[in-house]
Structures are given as C-alpha cells and as structure tokens.
Amino acid sequence: VGIVTVLDLLEELVGDLNNIEEMSYEEEKILSGKLYEMRAEDFEGLCAVLIENRRYHYFTLPDRFNARKLPDVIIADMKQELRNGNSGSISSVLYGELEENLRRGEQSILFLNRRGASKIVTCAECGATYSCPNCSVSLTYHQGNQMLICHHCGYRRRVDPQCPVCGGELRFLGDGTERIEADLHALFPGVETLRMDADAIAMAGTHEALLQRFARERIPIMIGTQMITKGLNFENVTLVGVLNADQSLYVGDYRANERTFSLITQVIGRSGRGDAPGRAVIQTFTPANETIRQAARQDYDAFYRSEIRLRKLNGTPPFSEVLAVTVSGAQENAVVRCCAYIRDYFRQTIGERAEVLGPAPLPVVRMNNRYRYRVTLYCNQSKAVRRAAANIVMYCNTEKSFRDVTVFADDNPLD
C-alpha cells in the first residue's frame, strides 16, 4: 500500500490545497486504492471530498504518538480577568501555570500571531493615530528600534515623544510579541525568554538557530507567531499558552473557524510530547464560542460536523466555488468603475448560474498606493463561468478605457 502525505500529493495534482474540489474524476482515479496519511491540521479542509463522495476509505489514528495523553486544556475568560482588575496580556490562570513550570524546570511556549510591540499608537487627548501613507492600515510600533512600521509595504518612521497633532500623551494599544516579552520580564524578573517572529529571525539569521538555542539552553519561555504552531517537538515543553484566540475568529472570512481551529489545535499539540504530561491555556474574550471549545477538546469530528453544516447553510465551499475578480489601480474611482462594469457583465452573461456580489473593497483597500476592489461570484464553476471570467479579465486588461487598472481572477482567494 502506498503511503504519501496529502499535502505532497495534492500539490502535485492540483497545485493548491484550496482547489481540491476541482479535482477531476480521472485525477481521483489516480488516488484510488492508496492509503493517505493525513496530518491533523489538513483534516477539516479535506474531509468533505474524501468522505462525503464515498470514493475513499477513511481511517483514523485516534491515539497520539507513543500513546501520549493529549494536554489538559483550560479556557481563560479574559472578560472576567478585566472585571478582576487584570488588564494585562497574561491572565491569572496562565500566570499560575507559568509559575508552576518555572518551579519544575519545564519549558513553556506562548503563541500570539502578531509581531511588534503595539498594533496601534494613539493620542489619549485627541485620538489621533499613526497611519501608513501608502496603505490604509495603522503603523505597528516596534519597541526594539522604536520605529513605527507598516507590515504591508515596509514604510517606517520614528515615533514622536508626544502627539504630533496636539502634544498629548501617546498610548500604545494592541499587544504584539515584543510587548508580551516585555510583560513577561516584568512578571518574572530574571527569567530568560526567547522571541521567535520575523524580526527576531532577521537578527538571528535563521529560525533553526533560535530553535536550537531554545532546546540546547532550555530557555524557560518562548514567545512566537504562527511559525511555532506546528512541526516542533521539544520533550521538555509542558505548557502552551494561546494568548488571543479571538484574533483570527472574527475576520469576515468563511474559513475563519477552520483557521482558528487549526491554529489552536496545532499549537496545543506542542505540549506534553515527552514523559511529563502537557497543559494548555487558551485566553479568549468569547469562552462560549463553539470553535474554541471544540479546539480545546481537540474534537475534530464535532468541528467537522458543525462547520460542514454551516458551510452548506451559507452555500460556501465545498458546496459552491468562490471566484473573485480583483481590480487594482492608483485612482479609486477608476477601480470602482471597472468593478461595476465587471459586475454588470457577469450578471448579463451568466445570469442565474452565479450569485454576483460587489464591488467591495478588500480588507486592506489601499496597499502600496493602489486601491483594491473585488467582484465575487458564488457558483458551481462550469466552462461557461470560467470562459466568462477569462474573457472579462482579458478585455479589461487590454481595453484603453481601463488602462489605469490591473485585473486578475482567483479561485477561492485567501484574502
């Protein structure tokens, strides 16, 4: 029996994991008769195809490697922390668990998917904020070099000692990995920490150097972004903290639940991989959220059942396809005008075969001084729909009246 990883196989056959629904029957026949080893984080996105169509046998590995027990998980209610007077980034529950790990000489990993020190710098008097001149986002404050940096275009500037508008006091809001590291040093004086994000790797040279140092020197606490959520195997790590479980949950994307579930279950799995049992603390402002509770239980079956029902109700993949046509340009009115033309074209040519939405701005509407709007189609993609999309993209990119914009189409876009 051939054993391959799902990711390697699908990359070879269809190029992108998000496009697995488009696999032809001929490609599916290539896969038949083989056993596939599926990583836990790939489970949600593939179940609908591998199970629902009943063309494949589905086998599970219900136990952890070497029969290790899954970590015990505590959900920390950050609203209650605020009521108790704790407005910091570390809950009282997580503080106690970190203290216990330090006493035992065991290591801990804290996950926060936001680098820098503070997401927003604002004036306490007039409310002014620092925004990127090239993108429609706030600048992130980096404490190490005291710079305000745009994480989209790279623009940077020094932070002022006081508000440049009214001279008021500046406030630093929205914790990043740098701020968490500073908070840990204040909470646990003298305790060494290691930060693993893009900025720290740039200074260290490679991420392997940081990971080797964490293992070799048994540094008590590592703080990191998404890069620490999977593939790490440190036997002395017995505690994982998820500092802001809500961050990826409420972003207006149909994949938000799946991404959040995957991130939480992946990073929790870094705990308790040796002889000592593992623990995890999930900090959230919505402790009753079903996705967070399912991730805390590592209940893949329950998550799949609830998520697939929601996808079917909303008509999102795998029960439909998402085709997006994105228009970008330096002049916002020209971008919107082109998008409106594309929307009208789709409504006239494919009629009831697709739900046509837009024009709508992307989450970051202006990036590198180019405005970005999108027309989105929810449909069962057919040759006619694809032909219509190809025709309109080619027309808009060659038509003189749209010479100031760029148009492209994308299946199941990630942003």
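In the predicted model, strand S14 (residues 321-329) and strand S16 (residues 370-379) pair in the antiparallel sense, and 9 bridges join them. Within this pairing, Gly 329 has Tyr 371 of S16 as its bridge partner. Helix H12 (residues 332-349) packs on the sheet and touches S14, S15, S16 and S17; the direction of H12 makes about 15° with that of S16. Helix H13 (residues 383-398) also packs on the sheet, where S14, S16 and S17 are touched, and the direction of H13 makes about 160° with that of S17.

The sheet concerned is open and consists of 4 strands in the order S15-S16-S14-S17, with antiparallel pairing. Strand S15 (354-367) and strand S17 (405-411) are the edge strands, each of which pairs on one side only. From one strand to the next, the twist averages 20°.

A further open sheet contains 6 strands, arranged in the order S3-S13-S12-S4-S11-S10 with parallel pairing. Its edges are occupied by strand S3 (72-77) and strand S10 (193-196); each has a single partner strand, so one side of each is left without a neighbour in the sheet. Direction being ignored, neighbouring strands of this sheet are turned by 15° against each other on average.

At the S10 edge, the pairing with strand S11 (residues 221-224) is parallel and extends over 4 bridges. Here Thr 193 is found opposite Ile 221 in S11. Helix H6 (residues 177-187) packs on the sheet through contacts with strand S4 (107-111), S10 and S11, and its direction makes about 175° with that of S10. Helix H8 (residues 207-216) lies across S4, S10, S11 and strand S12 (237-242); relative to S10, H8 runs at about 155°.

Packing between helices was examined next. Two packed helices are described by the angle between their axes and the distance between the axes. Helix H9 (residues 256-268) packs with helix H11 (residues 300-314) at an angle of about 165°, and their axes are 11 Å apart. This angle makes H9 roughly antiparallel to H11, and the crossing of the two helices is left-handed. On the H9 side the contact is made by Asn 257, Glu 258, Phe 261 and Thr 265, and on the H11 side by Tyr 300, Phe 303, Glu 307, Leu 310 and Arg 311. By character, the residues of the contact of H9 with H11 comprise 4 nonpolar, 2 polar and 3 charged.

H11 also packs with helix H10 (residues 290-297), at an angle of about 155° and with the axes 8 Å apart. H10 is therefore roughly antiparallel to H11. Glu 290, Thr 291, Gln 294 and Arg 297 of H10 meet Ala 302, Phe 303 and Ser 306 of H11 in this contact. The residues of the contact of H10 with H11 divide into 2 nonpolar, 3 polar and 2 charged. Phe 303 of H11 thus takes part in the contact with H9 and in that with H10.

The structure also holds 8 aromatic pairs. Among them, the rings of Tyr 141 and Phe 172 have centres 4.8 Å apart and planes at 50°, so this pair is tilted. Tyr 141 belongs to strand S6 (residues 140-142) and Phe 172 to strand S9 (residues 170-175); the pair therefore ties together parts that are 31 residues apart in sequence.

Technical notes. Residues numbered from 1 in each chain as written. Predicted model: local features only at pLDDT ≥ 70, side-chain atom pairs only at ≥ 80, totals over all residues. Heavy atoms only, no water. Pairing = 2+ DSSP bridges. Axes fitted to C-alpha atoms, helices over the stretch in contact; angles between N-to-C directions. Contact = heavy atoms within 4.5 Å. Parallel < 35°, antiparallel > 145°, perpendicular 65-115°, else oblique. Left-handed = near helix turned anticlockwise from the far one by under 90°. Nonpolar A, V, L, I, M, F, W, Y, C, P; charged D, E, K, R; others polar. Phe/Tyr/Trp six-rings, centres within 6.5 Å; stacked < 30°, edge-to-face > 60°.
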